[in-house]
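Trainee: I would like to learn how to read a fold from its model. Where should we begin?

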Amino acid sequence: MKRTRVKICGITRHEDAIVAAEAGADAIGLVFYSKSPRFVDYTRAALIASAVGPFVTTVGLFVNAAAEEVDRAIRAVDLQLLQFHGDEDDAYCRQFGRPYIKAIRMAPGIDLPAIVASFPGACGFLVDAWHKDKYGGTGERFEWQRLPKTVHFPLILAGGLGPENVADAVAQVNPYGVDVSGGVEDAPGVKSSQRIQQFIARANAG
Ligand SMILES: O=C(O)c1ccccc1NCC(=O)[C@H](O)[C@H](O)COP(=O)(O)O
């Protein structure tokens, strides 16, 4: 039976990373975007990354960052995967020599296949809610029916997911993976152990 991969994003505390890893998360996300309430500096990020062990992917998330910043984060934290949430293009995303996923915010009327085609170097796409002032972590969902029934790339569903709707989301979209941040928090950047455990259990409950 197919398993849905789970990424817990926006971890800011060592103890939350341990909970996520023990509950079965496939990946954790570290936000290197200073305007986010979930921003972590390199020192904290390295500490968090050290908590999860080698079989949990550490993902670094960036929004229109200077290339030197991304390089510094990769060196400081040994990021295994990069996630770009801003207006970066494929050439920019590829230059770091690490696999990357591109976040696509589902703005009204966007041409998803055309965007996907313009990132031939991406190893997957995270589809997220669109918000006029935010690049991600909105806690809002979009209409999942807007996604094509079949896709030929690893699709990671994000945006307003939580323990209450993740099983439905998986049943309707059949994604490669799901990504959650606000839906497993008590406050921005402060994860709830119980909600992380419920989320991961329900992502594969169907
Ligand atoms: O989490 C943030 O604060 C954030 C800020 C800017 C860009 C991206 C951000 N998060 C990216 C993620 O991968 C989130 O998990 C994703 O957007 C879903 O968030 P949520 O709707 O809160 O589950």
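**Strands, helices and a ligand shell**

Mentor: Begin with one strand pair, keeping in mind that the model is predicted. Strand 3 (residues 57–62) and strand 4 (residues 81–84) run parallel and are joined by four bridges.

Trainee: Which residue of strand 4 is the bridge partner of V59?

Mentor: L81 is the bridge partner of V59.

Trainee: What do the strands form, and in which order do they run?

Mentor: Eight strands make a closed barrel in the order 1-2-3-4-5-6-7-8, with parallel pairing. On average, neighbouring strands of this sheet are turned by 25° against each other, direction ignored.

Trainee: Where does helix 3 lie?

Mentor: Helix 3 (residues 67–77) lies across strand 2, strand 3 and strand 4. Its angle to strand 3 is about 160°.

Trainee: How do I read the buried residues of a helix?

Mentor: Start from the periodicity: an α-helix has 3.6 residues a turn, so residues three or four places apart point the same way. In helix 7 (residues 193–203), the buried residues are I196, F199, I200, R202 and A203.

Trainee: What do the buried residues of helix 7 pack against?

Mentor: They pack against helix 1 (14–23) and helix 6 (166–173), and also against strand 1 (5–8), strand 8 (177–180) and strand 10 (190–191).

Trainee: How many residues surround the ligand, and which are the closest?

Mentor: The ligand is surrounded by 25 residues, the closest being C9, G136, G137, S181 and G182. Strand 2 (27–31) and strand 8 are the elements that give two or more residues to this shell. By class, the shell has 13 polar, nine nonpolar and three charged residues.

Notes. Residues are numbered from 1 along each chain as its sequence is written. This is a predicted model: local features need pLDDT of at least 70, side-chain atom pairs count only at pLDDT 80 or more; totals for chains, interfaces and linings use all residues. A residue is buried if 20 or more other C-beta atoms lie within 10 Å of its own, exposed if 12 or fewer, and partly exposed in between; C-beta atoms are placed from the backbone. Two residues are in contact if their C-beta atoms, placed from the backbone, lie within 7 Å. A residue is near a molecule or strand if its C-beta atom, placed from the backbone, lies within 6 Å of it. Ala, Val, Leu, Ile, Met, Phe, Trp, Tyr, Cys and Pro count as nonpolar, Asp, Glu, Lys and Arg as charged, and the others, Gly among them, as polar. Two strands pair if DSSP finds at least two bridges between them. Axes are lines fitted to C-alpha atoms, for helices over the stretch in contact, and angles run from 0 to 180 degrees between N-to-C directions.
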